[in-house]
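The exercises below ask you to read side-chain pairing, surface character and helix packing from a model, and each is followed by a worked solution. Please look over the sequence and the structure before you begin.

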Amino acid sequence: MSSEPTTPAAAAAAPVATSGGATQLTTRKTPLRDRIPVVSQLRQSVGLQRFMLVAGLVILTVFVLVAVFAPWIAPYGWAQRSVDGVKFGTQQPPNPMNIWGTTVGGFDVFSRTIWGAQTAILAILCAILFSIFLGIAIGLLSGYFGGWLDRIFVVIADAIYSFPSLLLAIVISIVISGGRSTLWSGILSAAIAITVVFVPQYFRVIRADVVRIKAEPFVESARVIGVPTRRILTRHVLRNSLRSIPVIVTLNASEALLTLAGLGFLGFGIDATAAAEWGYDLNRSVADASSGIWWTSIPPGVAIVLVV
């Protein structure tokens with residue numbers, strides 16, 4: 001018999017009659033495909049819900065593939081203005097050399113849209129990783145140990161909600177890079193701002209689950225038999241507190257992209273020659289819209305809408 005209590009797992013107990021007439025419980029594990037969040041939801045969804053889920057998965061897959069294979073998909077570099085000594089020209093309509101036209105700065109619109117996906121996914125990944133690790137760690141400790149530490153973290157989390165995320169991102173961008181960023185400083189400023197704003201959400205969700213789970217019998221049993229606190233936190237409590245995290249990760253990802261685009265649109269983002277960024281391209285195309293030049297604003301705008 002194991003010396004350590006087991007946590008609730010994805011298993012079901014079914015009664016089986018033995019040869020002597022007694023009833024014995026046997027454990028029947030749930031198939032792996034039904035335990036994977038996206039796959040299980042896809043199998044359970046119907047009608048419009050399934051269509052929306054499949055459409056979202058397709059858009060996400062295309063976005064990730066474009067970001068990963070951007071060097072091979074984009075015909076030119078993000079700051080390239082000529083090829084073989086021939087300049088692209090400014091605000092040129094779609095043509096065989098520039099299939100989506102050129103911007104007011106003489107950049108190829110198609111290439112900058114493709115390279116912008118790579119910048120966006122880097123910002124999203126940094127923001128998610130920072131927020132998850134910090135928010136889960138603080139929520140786990142605060143909810144399990146409670147006391148004055150818990151009260152301090154709760155007050156700080158409530159106070160952070162009063163800060164507008166975009167305003168905080170602008171301040172952090174100015175502090176980090178003086179308002180004009182290279183690739184990594186721009187991504188980090190957006191990621192840090194999103195981390196500060198979204199950590200309270202991870203903290204609250206994890207803390208609420210931890211407070212509930214630490215009172216469960218299997219956790220009390222683990223304490224009684226002397227299981228180390230670190231093992232209780234990681235194996236018993238944390239594993240059963242992560243069910244709501246995928247929803248928050250989705251919101252965090254979209255907010256990271258919107259903040260990065262907002263910084264670029266307001267002029268506090270990444271320099272055009274440092275990396276391609278959709279918000280900056282939208283800012284440069286504002287004046288083009290009134291002149292009937294549609295090809296400089298639609299690609300980056302549609303890209304932001306689809307990914308968010």
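**Exercise 1.** Is Arg-204 buried, partly exposed or exposed, judged by its relative accessible area?

*Solution.* Keep in mind that this is a predicted model. The relative accessible area of Arg-204 is 40%, and the partly exposed class lies between the limit of under 20% for buried and that of over 50% for exposed, so Arg-204 is partly exposed.

**Exercise 2.** Find the salt-bridge partner of Arg-204, and say which helices the pair links.

*Solution.* The side chain of Arg-204 meets that of Asp-158 in a salt bridge, with 2.1 Å from N to O. This pair links distant parts of the chain, since Asp-158 belongs to helix H6 (residues 147-160) and Arg-204 to helix H8 (residues 183-213), 46 residues apart. Asp-158, with a relative accessible area of 38%, is partly exposed, and Arg-204 is likewise partly exposed at 40%.

**Exercise 3.** How many salt bridges does the structure hold, and are the two side chains of the Asp-281 and Arg-112 pair buried or exposed?

*Solution.* As a starting point, side chains of opposite charge can pair when their charged atoms come close. The structure holds 5 salt bridges, and one of them joins the side chains of Asp-281 and Arg-112 at 2.9 Å, N to O. The pair links distant parts of the chain, with Asp-281 in helix H12 (residues 278-284), Arg-112 in helix H5 (residues 109-145), and their positions 169 residues apart. For accessibility, take each partner in turn: Asp-281 has a relative accessible area of 10% and is therefore buried, while Arg-112, at 1%, also counts as buried.

**Exercise 4.** How many residues apart are Arg-223 and Glu-220, and in which helix do they lie?

*Solution.* The side chains of Arg-223 and Glu-220 meet in a salt bridge of 3.1 Å, N to O. Because they are 3 residues apart in helix H9 (residues 217-224), about one helical turn separates them. Arg-223 is partly exposed, with a relative accessible area of 33%, and Glu-220, at 35%, counts as partly exposed too.

**Exercise 5.** Which helices each supply at least two residues of the nonpolar surface patch?

*Solution.* Begin with the patch itself, which covers about 1,000 Å² and has among its members Phe-130, Phe-133, Val-171, Trp-184 and Ile-192. Then turn to the helices: H5, helix H7 (165-177) and H8 each supply at least two of the patch residues. Val-171 can serve as an example, as its place is in helix H7 and, with a relative accessible area of 44%, it is partly exposed.

**Exercise 6.** At roughly what angle do the axes of H8 and helix H11 cross, and at roughly what angles do the axes of H7 and H8 and those of H5 and H6 cross?

*Solution.* Two packed helices are described by the angle between their axes and the distance between the axes.

- The axes of H8 and helix H11 (residues 245-266) come within 9 Å and cross at roughly 150 degrees; the two helices are therefore roughly antiparallel, and their crossing is right-handed.
- The axes of H7 and H8 come within 8 Å and cross at roughly 140 degrees, so that these helices are oblique to each other, with a right-handed crossing.
- The axes of H5 and H6 come within 7 Å and cross at roughly 135 degrees, which makes H5 and H6 oblique to each other, and here the crossing is left-handed.

Note on methods: Residues are numbered from 1 along each chain as its sequence is written. This is a predicted model: local features need pLDDT of at least 70, side-chain atom pairs count only at pLDDT 80 or more; totals for chains, interfaces and linings use all residues. Side-chain values use heavy atoms; hydrogens and water are left out. A salt bridge is a side-chain nitrogen of Lys or Arg within 4 Å of a carboxyl oxygen of Asp or Glu. Helices (H or I, at least four residues) and strands (E, at least two) are DSSP runs, numbered from the N terminus. Buried means under 20% relative accessible area, exposed over 50%, partly exposed in between (1.4 Å probe, protein chains only). Patches are made of residues with over 30% relative accessible area and no salt bridge: like charges are joined within 9 Å, nonpolar side chains (Val, Leu, Ile, Met, Phe, Trp, Tyr) within 5 Å. Accessible areas come from the Shrake-Rupley method with a 1.4 Å probe; for residues, only the protein chains shown count as cover. Axes are lines fitted to C-alpha atoms, for helices over the stretch in contact, and angles run from 0 to 180 degrees between N-to-C directions. Angles under 35 degrees count as roughly parallel, over 145 as roughly antiparallel, 65 to 115 as roughly perpendicular and the rest as oblique. A crossing is left-handed if the near helix is turned anticlockwise from the far one by less than a right angle, and right-handed if clockwise.
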